Amino acid sequence: MKFETYGNCFVCGKNNPNGLKLNFEIDQDKKTLKTTFVASPTFQGWDGIVHGGIISTLLDEAMAKLVYELGYQAVTASLEIRFKNPAPILEPLLVHGEITEVSKRLIRAKAHIAKEDGTILATGTSTFLKQK
């Protein structure tokens with residue numbers, strides 16, 4: 001299976017009229033990725049707080065996009081999210097992802113979302129299964 005993108009991804013796709021259209025800065029050597037997201041009230045759960053599903057989506061994308069951009073053909077085998085603090089709407093959320101391990105069949109990654117002051121809002125870990 002070969003993974004291709006036509007720009008319709010909900011998070012990073014430029015052709016998705018309902019998507020977030022995020023741009024990611026990728027460091028190939030360090031195997032890291034980062035972006036910033038400011039959630040409008042459209043993306044809130046409780047008043048003033050970003051919905052947990054959006055936070056999960058950002059963490060998932062930070063890891064999966066990095067795997068893809070580094071040239072690996074892999075699918076998510078597991079995803080774990082830990083919520084640490086509420087994520088406020090209308091404030092910059094700094095999203096960071098990194099590859100932590102690459103083996104013959106698996107890739108492991110981690111990600112976090114923080115406020116500008118460094119407060120960690122959520123963390124994620126994921127395992128990807130390489131495709132043949």
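**Entry 1: Lys-34 and its partner**

I started with Lys-34, which comes out partly exposed at 43% relative accessibility. This is a predicted model, so I'm reading everything here as computed from it. Which residue does Lys-34 form a salt bridge with? I looked it up and found Glu-25, with the closest N and O atoms 3.8 Å apart. The cut-off for a salt bridge is 4 Å, so this pair counts. Glu-25 has 51% relative accessibility and counts as exposed. Exposed means over 50%, so that label holds for Glu-25.

**Entry 2: the other salt bridges**

How many salt bridges does the structure hold? I get four. I noted two besides the Lys-34 one.

Glu-69 pairs with Lys-65, and their closest N and O atoms sit 2.9 Å apart. Both residues belong to helix H1, which runs over residues 52–69. They are four residues apart, about one turn of the helix. Is Lys-65 buried or exposed? I have Lys-65 down as buried, at a relative accessible area of 16%. Buried means under 20%, so Lys-65 gets that label despite being in a salt bridge. Its partner Glu-69 is partly exposed, at 29%.

Then I checked Glu-80, which forms a salt bridge with Arg-82. The closest N and O atoms of that pair are 2.7 Å apart. Glu-80 counts as partly exposed at 38% relative accessibility. Arg-82 is partly exposed too, with a relative accessible area of 48%. The exposed label needs over 50%, so Arg-82 stays in the partly exposed class.

**Entry 3: the sheet**

Next I traced the strands. There is an open sheet of six strands, and its pairing is antiparallel. I wrote the order down as S1-S2-S4-S5-S6-S3. Which strands are at the edges? They are S1 (25–27) and S3 (74–83), each of which pairs on one side only. I also looked up the twist: neighbouring strands of this sheet are turned by 20° against each other on average, direction ignored.

Going back to my salt bridges, Glu-25 falls within the range of edge strand S1 (25–27). Glu-80 and Arg-82 fall within the range of the other edge strand, S3 (74–83).

**Entry 4: S4 against S5**

Last, I zoomed in on one strand pair. S4 covers residues 92–102 and S5 covers residues 106–114. How many bridges do they pair over? I count eight, in the antiparallel sense. At Val-102 I asked which residue of S5 stands opposite. That one is Ile-107.

Conventions:
Residues numbered from 1 in each chain as written. Predicted model: local features only at pLDDT ≥ 70, side-chain atom pairs only at ≥ 80, totals over all residues. Heavy atoms only, no water. Pairing = 2+ DSSP bridges. Helix = DSSP H or I, 4+ residues; strand = E, 2+ residues; numbered from the N terminus. Axes fitted to C-alpha atoms, helices over the stretch in contact; angles between N-to-C directions. Salt bridge = Lys/Arg side-chain N within 4 Å of Asp/Glu carboxyl O. Buried < 20%, exposed > 50% of the residue type's maximum accessible area, 1.4 Å probe, protein only.
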